[in-house]
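Hi,

Here is the structure I promised to pass on. Have a look at it first, then read my notes underneath.

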Amino acid sequence: MDANAQSGERIVPLVRVQAEDFDVTQEVARLCEGRRDIGAVVTFTGLCRDEDGRLAALELEHYPGMAEGEIGRIAREAAQRWPLTGLTVIHRHGKIAPGANIVLVVAASRHRRAAFEAADFMMDFLKTRAPFWKKEHMADAGAGGWVEAKAADDDDAARWSGG
Amino acid sequence: MKVRYFAWVRERIGLEEETVEVPGNVATVSDLIGWLSERDEGYAAAFVEPEVIRVAIDQTHVEHDAPIGKASEIAFFPPMTGG
C-alpha cells in the first residue's frame, strides 16, 4: 500500500446505501484489519435528533442508483484530494427514530489531517449533492413535513473550492 | 423518456414516475419544466418555483439549460437534505 500511496494510486472507497443500521466499530475494523501503515482514523456519525422532543421519526427518501453513484463520485474525489488508505461511506434510508444512526463516514490515512479533512469534505458534499430527502414525523401528529435545505450547507460545500 | 419525481415534487404531482412523449420544441430541462407545468394543477404546484427544482439526467446532476435530447431518464426533486 505504501508503494500505491507513493505512485499516486488511489484507494477504492466503499459506499453503501441501505435501510439497515451499521456498526461503527465493525466499519473501522474493516479499514484497519491487518494493516500497520494507518496512523489516523476519523469517523463521523450523523444521528437522528428528536428536536427537543417534537420529532417522532425522520423518513429518508432516496433516489436508488443515483444515491450510490453520487456518493461514490464525491468519495473518489476525496480519495484524489487526500492520501487516504481507506474511505467508507454508509447512508441509511427509510424511517429512522431519534437516537438512531443516519450516516457514517470513516476516513483512514497515515496522518490525521488528511483523515479529518476528507471526512469533513465528504459530509459537506454528501449533504448538498447526494439525492436524499428528509421528511419529519412529529410526536404530536401535527404538521411536520419536508426538511428544507439550508443555505449554510451550500456555504460549507463552497469552502472546498478555490483557494 | 422516463420521468421520475422525488420528495415534495412527487407528492404534488401524485406520481413516482411516468413515461412521456415530449414534443420536438421541448429541447432543454427548462422547456420540459414549462411543458409539464401546463399538464394540471399538481404539476403546476410542483414547479411553481422552477428555480428551486434540482434535476438529474440519467442520474447525473444537470442545470436547467441542459439539453434533454439523449436522456433516457430525467428526475426532478427539491434541494437535497441527506446526511
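Below is what I found, going through chain A, then chain B, then the place where they touch.

One thing to keep in mind as you read: this is a predicted model.

**Helices in chain A**

A handy bit of background before the helices: two packed helices are described by the angle between their axes and the distance between the axes.

Let's start with helix α3 (residues 66-81) of chain A and α4(A), whose axes are 10 Å apart and make an angle of about 150 degrees. Angles over 145 degrees count as roughly antiparallel, so α3(A) and α4(A) are roughly antiparallel to each other. Their crossing is right-handed. On the α3(A) side, the contact is made by Glu70(A), Ile71(A), Ile74(A), Ala75(A) and Ala78(A). From α4(A) come Ala118(A), Phe121(A), Met122(A), Phe125(A), Leu126(A) and Arg129(A). Sorted by class, the residues of this contact between α3(A) and α4(A) are nine nonpolar, two charged and no polar.

Now follow α4 (residues 112-129) of chain A to helix α5 (residues 151-158) of chain A: their axes come within 9 Å and cross at roughly 135 degrees. That angle makes α4(A) oblique to α5(A). This crossing of α4(A) and α5(A) is left-handed. Asp124(A), Phe125(A), Lys127(A) and Thr128(A) make the contact from α4(A), and they meet Asp153(A), Asp154(A), Asp156(A) and Ala157(A) of α5(A). Which classes turn up in the contact of α4(A) with α5(A)? Five of the residues are charged, two are nonpolar and one is polar.

Phe125(A) is worth clicking on: it is listed in the contact with α3(A) and also in the contact with α5(A).

**Strands in chain A**

Strand β1 (residues 14-18) of chain A has two faces: Val15(A) and Val17(A) form the covered one, while Leu14(A), Arg16(A) and Gln18(A) form the uncovered one. β1(A) pairs with strand β4 (residues 84-92) of chain A in the parallel sense, over five bridges. If you want to find one of those bridges, look for Gln18(A) and its partner in β4(A), Arg92(A).

Another residue to pick out is Glu59(A), which sits in strand β3 (residues 55-62) of chain A. Is Glu59(A) buried, exposed or partly exposed? Glu59(A) is partly exposed, because 15 other C-beta atoms lie within 10 Å. Not counting neighbours within four places in sequence, Glu59(A) is in contact with Lys95(A), Lys135(A) and His137(A). Try comparing sequence and space as well: Glu59(A) and Ala139(A) are 80 residues apart in the sequence, and their C-alpha atoms are 13 Å apart.

**Chain B**

Over in chain B, strand β1 (residues 2-5) has two pairings to look at. With strand β2 (residues 17-19) of chain B, β1(B) pairs in the antiparallel sense over three bridges, and Lys2(B) has Thr19(B) as its bridge partner there. With strand β5 (residues 73-77) of chain B, β1(B) pairs in the parallel sense over four bridges. In that pairing, Val3(B) is bridged to Ile74(B).

**Where the chains touch**

Finally, the contact between the chains: 22 residues come from chain A and 14 residues from chain B. On the chain B side, α1 (7-13) and β5 each supply at least two residues. That side of chain B has nine nonpolar residues, five polar ones and no charged ones.

Enjoy exploring!

Terms used: Residues are numbered from 1 along each chain as its sequence is written. Chains are lettered from A and ligands numbered from 1 in the order in which they are written. This is a predicted model: local features need pLDDT of at least 70, side-chain atom pairs count only at pLDDT 80 or more; totals for chains, interfaces and linings use all residues. Two strands pair if DSSP finds at least two bridges between them. A residue is buried if 20 or more other C-beta atoms lie within 10 Å of its own, exposed if 12 or fewer, and partly exposed in between; C-beta atoms are placed from the backbone. Two residues are in contact if their C-beta atoms, placed from the backbone, lie within 7 Å. Ala, Val, Leu, Ile, Met, Phe, Trp, Tyr, Cys and Pro count as nonpolar, Asp, Glu, Lys and Arg as charged, and the others, Gly among them, as polar. Axes are lines fitted to C-alpha atoms, for helices over the stretch in contact, and angles run from 0 to 180 degrees between N-to-C directions. Angles under 35 degrees count as roughly parallel, over 145 as roughly antiparallel, 65 to 115 as roughly perpendicular and the rest as oblique. A crossing is left-handed if the near helix is turned anticlockwise from the far one by less than a right angle, and right-handed if clockwise.
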